Amino acid sequence: MTIALTGPRNPVPQAERDAHVRSCQEKVIQRLSTDPDRAVTTSTMSGTVGDGVACTVTQGRHSAVMDMGPAMGGEERGPSPGFFARAGIVGCVAIALKLAAAREGLTFRSVDIDLETTSDDLAIFGLGGGRAAPLETRITIHIDTDEPDDSVSDLIERVLEMDTWFLALRDPQNVSVAWQTGSD
């Protein structure tokens with residue numbers, strides 16, 4: 001399954017596109033700096049698994065279906081939850097780098113991210129004594145740019161220290177769980 005952008009793609013020159021991205025970010029930064037309380041937000045997503053193991057998740061006007069493959073009893077009606085977790089990290093890092101480059105006047109023609117995770121698949125069944133969390137995650141960043149390596153390296157380091165989903169993967173955080181039974 002491939003999820004692609006829809007609608008016409010307007011070929012705007014890189015410098016004009018970057019100027020637009022920079023202008024948009026400057027407005028958001030100004031608005032949030034004026035009222036820092038507005039910078040703390042809560043996102044809410046809901047998911048439902050009915051018959052089978054496919055899960056439909058919804059956040060606002062967006063929804064997606066995730067499922068497991070036949071070997072796990074699923075129907076592969078969508079990518080696995082792990083796909084979406086990895087996609088969130090890849091997309092967040094790539095987009096954050098492009099946003100930061102545009103904001104700082106650096107020209108990044110493209111940003112490509114490769115992400116690999118090594119996991120103990122036996123652990124997802126509670127077997128073998130291992131942890132179900134990834135054992136290791138490797139991220140490789142490829143940037144098509146003529147900017148000096150020092151500038152690129154500095155930007156990458158700063159972006160990774162403020163990238164929401166990279167930090168969610170890397171750093172411990174408070175997670176609370178509530179549950180209930182019965183029909184609503």
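Which element supplies the largest share of the lining of the largest pocket? We'll get to that after a quick look at the overall fold.

## The overall layout

Keep in mind that this is a predicted model. The protein has four helices and five strands, and reading from the N terminus they come in the order α-β-β-β-α-β-β-α-α. Measured out along the principal axes, the C-alpha atoms fill a box of roughly 50 × 35 × 35 Å. Of the 184 residues in the protein, 18% are buried.

## The largest pocket

Back to the opening question: it's α2, with seven residues of the lining. The whole lining of this pocket runs to 22 residues, and the space inside comes to about 1,200 Å³. Helix α2 (81-103) has company, since β2 (55-59), β3 (62-66) and α4 (164-170) each put in at least two residues as well.

If you want to find the middle of the pocket on screen, look for Met 45, Phe 84, Ala 85, Gly 88 and Trp 165, which are the lining residues nearest its centre. As for chemistry, the lining splits into 15 nonpolar residues and seven polar ones, with no charged residues at all.

## Salt bridges

Side chains of opposite charge can pair when their charged atoms come close. Searching the whole structure turns up eight salt bridges. One of them pairs Arg 138 with Glu 116, at 3.0 Å from N to O. This pair ties together distant parts of the chain, as Arg 138 sits in strand β5 and Glu 116 in strand β4, 22 residues apart. Arg 138 also forms a salt bridge with Glu 136, where the closest N and O atoms are 3.2 Å apart. How covered up are these side chains? Arg 138 is partly exposed at 28% relative accessible area, Glu 116 is partly exposed at 46%, and Glu 136 is partly exposed too, at 42%.

Over in helix α3 (residues 149-160), Asp 154 and Arg 158 make another salt bridge, with their closest N and O atoms 2.9 Å apart. Asp 154 and Arg 158 are four residues apart in that helix, so about one helical turn separates them. Asp 154 is partly exposed at 37% relative accessible area, and so is Arg 158 at 33%. Through salt bridges with shared partners, Glu 104, Asp 154 and Arg 158 are joined into one network.

## A nonpolar patch on the surface

Met 72, Leu 122, Ile 124, Phe 125 and Leu 127 form a nonpolar patch on the surface, and together they have about 490 Å² of accessible area. One of these, Leu 122, is in the loop between β4 (108-118) and β5 (136-145). Its relative accessibility is 45%, so Leu 122 counts as partly exposed.

## Two loop residues to look at

Most residues other than glycine have a negative phi. Glu 76 has a positive one, near 55 degrees. You'll find Glu 76 in the loop between β3 and α2. Is Glu 76 buried or exposed? With a relative accessible area of 56%, Glu 76 is exposed.

Thr 41 belongs to the loop between α1 (14-34) and β1 (46-49). At 62% relative accessibility, Thr 41 counts as exposed. From Thr 41 to Phe 166 is 125 residues in sequence, and their C-alpha atoms are 18 Å apart in space.

Conventions
Residues numbered from 1 in each chain as written. Predicted model: local features only at pLDDT ≥ 70, side-chain atom pairs only at ≥ 80, totals over all residues. Heavy atoms only, no water. Patch = residues over 30% accessible without salt bridge, like charges linked within 9 Å, V, L, I, M, F, W, Y side chains within 5 Å. Areas by Shrake-Rupley, 256 points an atom, 1.4 Å probe, with all protein chains shown as cover. Salt bridge = Lys/Arg side-chain N within 4 Å of Asp/Glu carboxyl O. Buried < 20%, exposed > 50% of the residue type's maximum accessible area, 1.4 Å probe, protein only. 1 Å grid on protein atoms, 1.4 Å probe; cavity = no way out; pocket = protein on both sides within 12 Å on 5 of 7 lines; lining within 4 Å. Points joined across faces, edges and corners; volume = space filled by probe spheres on them. Nonpolar A, V, L, I, M, F, W, Y, C, P; charged D, E, K, R; others polar.
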